[in-house]
Amino acid sequence: MLIKDAIVMRLKNICKEKNICFNDLAVRSGVTPSTVYSLMKEERRDLSVITLKKLCDGLDMTITDFFEDDIFRTLEQEIK
């Protein structure tokens, strides 16, 4: 799994656990709903660290807590 896919999966899992829809996540994070929905798209490969930090803030968690998940332990090589 690549890092962007892992981040999206982690965001989806946290939202599901906290019963938060993507629109609510956007509002809580101070980003537009289109930003959240766009980053969830498989074909979009880029993701700003600043946007991720805002999403973590909206989820009331640190970015360190976000990345402390087994999903990030076995990522594929990004360089092909």
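**Figure 1. The exposed surface and charges of the protein chain in this predicted model.** About 5300 Å² of the protein chain is exposed, and carbon and sulfur atoms supply 52% of that area. Charged groups come in both signs here, with 13 positive and 14 negative charges. If you average the positions of each set, the two means lie 4 Å apart. As for what is hidden, 35% of the 80 residues count as buried.

**Figure 2. The overall fold of the protein chain, built from helices.** You will find 5 helices and 0 strands here, so that reading from the N terminus gives the order α-α-α-α-α. The radius of gyration is 12 Å, close to the 12 Å that the globule rule gives for 80 residues, so the protein chain is as compact as a globular protein of that length. Along the principal axes, the C-alpha atoms fill a box of roughly 35 × 25 × 20 Å. Contacts also reach across the sequence: of those between residues at least 6 apart, 65% join residues at least 24 apart.

**Figure 3. The largest nonpolar core, with its best-connected members.** This core holds 22 residues, and those touching the most other members are Leu11, Leu25, Val36, Met40, Leu55, Leu59 and Phe66. Two or more residues each come from helix 1 (3-18), helix 2 (22-29), helix 3 (33-40) and helix 4 (49-58). Helix 1 gives the largest share, with 6 residues. In soluble globular proteins, nonpolar side chains tend to be buried together.

**Figure 4. A closer look at Leu11 and its contacts.** Which residues does Leu11 contact, once its neighbours within four places in sequence are left aside? They are Leu39, Met40, Leu55, Leu59 and Phe66. While you are in this view, it is worth recalling that Leu11, Met40, Leu55, Leu59 and Phe66 are among the core residues that touch the most other members.

**Figure 5. Met1 and its surroundings at the start of the protein chain.** Met1 sits in the segment before helix 1. Its relative accessibility is 33%, so Met1 counts as partly exposed. Beyond residues up to four places away in sequence, Met1 touches Ala6 and Met9, as well as Ile71, Leu75 and Glu76. For a sense of distance, follow the C-alpha atoms of Met1 and Asp70: these residues are 69 apart in sequence and 12 Å apart in space.

**Figure 6. Ile3 in helix 1, with its contacts.** Ile3 belongs to helix 1 and is partly exposed, because its relative accessible area is 29%. Setting aside neighbours within four places in sequence, the contacts of Ile3 are Phe67, Phe72, Leu75 and Glu78. Leu75 is a partner you have met already, as Met1 touches Leu75 too. From Ile3 to Cys56, 53 residues away in sequence, the C-alpha separation is 16 Å.

**Figure 7. Asn19 and Ile20 in the loop between helix 1 and helix 2.** Are these loop residues buried or exposed? Asn19 is exposed, with a relative accessible area of 70%, whereas Ile20 counts as buried at 7% relative accessibility. Asn19 also has a backbone feature to look for, a positive phi of about 55° although it is not a glycine. Ile20 touches Cys15, Leu25, Arg28 and Leu59, not counting residues up to four places away in sequence. The C-alpha atoms of Ile20 and Glu78 are separated by 30 Å, and the two residues lie 58 apart along the chain.

**Figure 8. Ser29 in helix 2, with its contacts.** Ser29 is part of helix 2. Why does Ser29 count as buried? Its relative accessibility is 9%, and buried means under 20%. Apart from residues up to four places away in sequence, Ser29 touches Lys54, Leu55 and Gly58. Leu55 is also in contact with Leu11.

**Figure 9. Asp60 in the loop between helix 4 and helix 5 (63-67).** What is the phi of Asp60? It is positive, about 60°, although Asp60 is not a glycine. The relative accessibility of Asp60 is 70%, so this loop residue counts as exposed.

Note on methods:
Residues numbered from 1 in each chain as written. Heavy atoms only, no water. Helix = DSSP H or I, 4+ residues; strand = E, 2+ residues; numbered from the N terminus. Rg over C-alpha atoms; globule rule 2.2 N^0.38 Å. Buried < 20%, exposed > 50% of the residue type's maximum accessible area, 1.4 Å probe, protein only. Contact = heavy atoms within 4.5 Å. Areas by Shrake-Rupley, 256 points an atom, 1.4 Å probe, with all protein chains shown as cover. Lys, Arg positive; Asp, Glu negative; His and termini not counted. Charge placed at Lys NZ, Arg CZ, Asp CG, Glu CD. Core = buried A, V, L, I, M, F, W, Y, C linked by side-chain atoms within 4.5 Å.
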